[in-house]
Every structure is written in C-alpha cells, then in structure tokens.
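Work through the exercises below with the model open. Each task is followed by a stepwise solution.

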Amino acid sequence: MMRIFRCVLTLATLLAPQIPIARAAEQTDLLLVLAMDVSRSMDRAKFLLQRQGYAAAISNPQVLNAIKSGPHQKIALCFIDWSGPFEQKLMIDWTIIDGPAAASRFGDLVAQAPRSFYNSTSIGAAINFATAQLARAPFEAERRAIDVSGDGTNNAGPDVPFFRDQAVAKGILVNGLVILTDIELAPNPRHTNPPGGIEKYYRDNVIGGAGSFVMVAEDYNSFGRAMVKKLIAEIATRPEQQRSVSTINVQARTMSNSSSRTWMLNAQAGIDITARRNAEE
C-alpha cells in the first residue's frame, strides 16, 4: 500500500508542472480603445497631425499624472484605424501604460504606424470593432471606454446609434473627439458640416453612456491639445462619477434597428477575418 501511495505521489509531482494554473487578469483603472478615423476626408497632412497628436498626448505629463492618480496607477490602451464598413485594423494591441517609458513606447508606435485605409466613413462599424477589442482584452478594469475621433458623419455601413447602444448596454463608455472643418474649405460640406454641426451630430448619434462627452478640436492643429484634455477627463473620472449621469435610454434603442442586427452578424465575420489577418502579419 505504501509503495502504491509513493508511486501516486511521484506521478502527481511529475504532472503538476504540466497543469495550467489559472491566473487573475492584471487589474487596471481603465481599458481604452483609441479609434482613429482614416477615411478619405483625412488628407495626408490631417492624417499626420492626428497621429502626432495621439502620440504626444499619451506621453503628456498631465496625462501621466492622471494615470498615477488612480487606485492601480495604470491603464491599458489599444489603437485602431477605421474607415469603411469592413475596414478596421488593430494597429497596436493592448498595452499597459504605467509611466513615461511605457507611454513613450506606445506613442512611438502610434507615430510610426502606416495608414491602413482611405475610404468611406463607417462610425457604427468602428464602434462595433472597438467593442470586440474590449471583449478580448487580457486585462481587467471597472471602466471601459472607446475614443472615436473624426471629422464627418457616417456615410457608409450600419446605423451608428444601434452599435453605440450595443456598447453602452455592455457598460462601455463611448466618447467623441470631433475636428471642425471650415465649410468654405470643405470638399464635402454635407459630410463634415451637417445641419447643426459635427459636434451635435456626434452628441446625438455617437457618444453614449453615463458621463459621456464630445471634445472639440477647432482645427487639426489643435487636435493634440484636445486629445490631452480628453484623456485626462477619461482617466481621472471615477466609476461612481461615471454612473451618476445617464445620457441616453439604452433599453429603448438597443433593439430598434433589425437591419443593423443583421449587419452585425456579417460584420462579426469580417472582424474575425481581420483579427486572423492581423495575427498572420
């Protein structure tokens, strides 16, 4: 009997290292998807100013101070490009930002990332893709948010409020950063200068969740300053503050658009294909 016991104990000891041990995901104060518009309204100069604005904002001392003010003193970011209905790409996967070194590395990757698309503007598809990135994040946080930057209305793909509401129903905050375009210089005024302005369009159709907001960049040169303010507002907001205000009635809108639900099933297949393609690259 003792011999059998020793054999079992030996076997258990040999097998123990091969048994995977479940580990809790690393805790952060915020999971944030940065979703940059690279549609055709973004010429090369505007594209570069956006890239540089994102890169500089992430490393800004005020932003880093906001990160250090949280309980875990770190956030997690990923960065995506988006344009048309099936044109979204994960440019930088989930990364912990916990100080100047990590922020600088992430910013350098943003600044150096090549342009992925140059097509129509599908904000709803971008939100759907960003929501999928949050679902696969390897880190945990009580707060999850999507940053959508852009200068025009949705002109392709699915209904924007439907996917905004889908995200909000999952506890995700959707914020916007709009870039104003001088109507006299706009090649497509109906796209960049809709009735009431692009800020109103984003407020009515894009942002959602308790405490959501739209930040405005007066032009592309002020994009970086607006992004700094936006990141600080998102990072420094505590969960209890976020829950104190509700900006939309999600339940009333979530099931309102059957065509968008159909599109979502097709889009999910596109997201899966994109994810596999990105992994192969």
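A contact here means heavy atoms within 4.5 Å. The model is predicted.

**Exercise 1. The whole chain**

Task: Find what share of the contacts with a separation of 6 or more comes from residues 24 or more positions apart.

Solution:
- Start with the inventory: the protein chain has 12 helices and 8 strands.
- Next, burial: 51% of the 281 residues count as buried.
- Now the contacts. Take those in the protein chain with a separation of 6 or more; residues 24 or more positions apart account for 82% of them.

**Exercise 2. Phenylalanine 47**

Task: Decide whether phenylalanine 47 is buried or exposed, and list what it touches beyond four places in sequence.

Solution:
- Locate the residue: phenylalanine 47 sits in helix H2, residues 44-58.
- Apply the cut-off: buried means under 20% relative accessible area. Phenylalanine 47 has 6% relative accessibility, so it counts as buried.
- Leave out residues up to four places away in sequence. Phenylalanine 47 then touches Met36, Val38, Ala113, Pro114 and Arg115.
- Check one partner along the chain: arginine 115 is 68 residues apart from phenylalanine 47, yet their C-alpha atoms are separated by 8.2 Å.

**Exercise 3. Packing of H3 and H9**

Task: Classify the arrangement of H3 and H9 as roughly parallel, roughly antiparallel, roughly perpendicular or oblique.

Solution:
- Take the geometry: the axes of H3 (residues 61-68) and H9 (residues 223-236) come within 9 Å and cross at roughly 5 degrees.
- Angles under 35 degrees count as roughly parallel. H3 and H9 are therefore roughly parallel to each other.
- Name the residues that meet: Gln62, Val63, Ala66 and Ile67 from H3, with Val228, Leu231, Ile232 and Ile235 from H9.
- Sort that contact by class: 7 nonpolar, 1 polar and no charged residues.

**Exercise 4. Glutamine 73**

Task: Which sign does phi take at glutamine 73, and where does this residue lie?

Solution:
- Read the backbone: phi is positive, about 55 degrees, although glutamine 73 is not a glycine.
- Place it: glutamine 73 lies in the loop between H3 and strand E3 (75-82).
- Grade the accessibility: glutamine 73 is at 38%, so it counts as partly exposed.

**Exercise 5. The largest pocket**

Task: Give the volume of the largest pocket and the make-up of its lining by class.

Solution:
- Volume: the largest pocket has about 210 Å³.
- Lining: 15 residues line the largest pocket, and Arg40, Ser41, Pro187, Asn188 and His191 lie nearest its centre.
- Classes: the lining has 2 nonpolar, 9 polar and 4 charged residues.

Conventions. Residues numbered from 1 in each chain as written. Predicted model: local features only at pLDDT ≥ 70, side-chain atom pairs only at ≥ 80, totals over all residues. Heavy atoms only, no water. Helix = DSSP H or I, 4+ residues; strand = E, 2+ residues; numbered from the N terminus. Buried < 20%, exposed > 50% of the residue type's maximum accessible area, 1.4 Å probe, protein only. 1 Å grid on protein atoms, 1.4 Å probe; cavity = no way out; pocket = protein on both sides within 12 Å on 5 of 7 lines; lining within 4 Å. Points joined across faces, edges and corners; volume = space filled by probe spheres on them. Nonpolar A, V, L, I, M, F, W, Y, C, P; charged D, E, K, R; others polar. Axes fitted to C-alpha atoms, helices over the stretch in contact; angles between N-to-C directions. Parallel < 35°, antiparallel > 145°, perpendicular 65-115°, else oblique.
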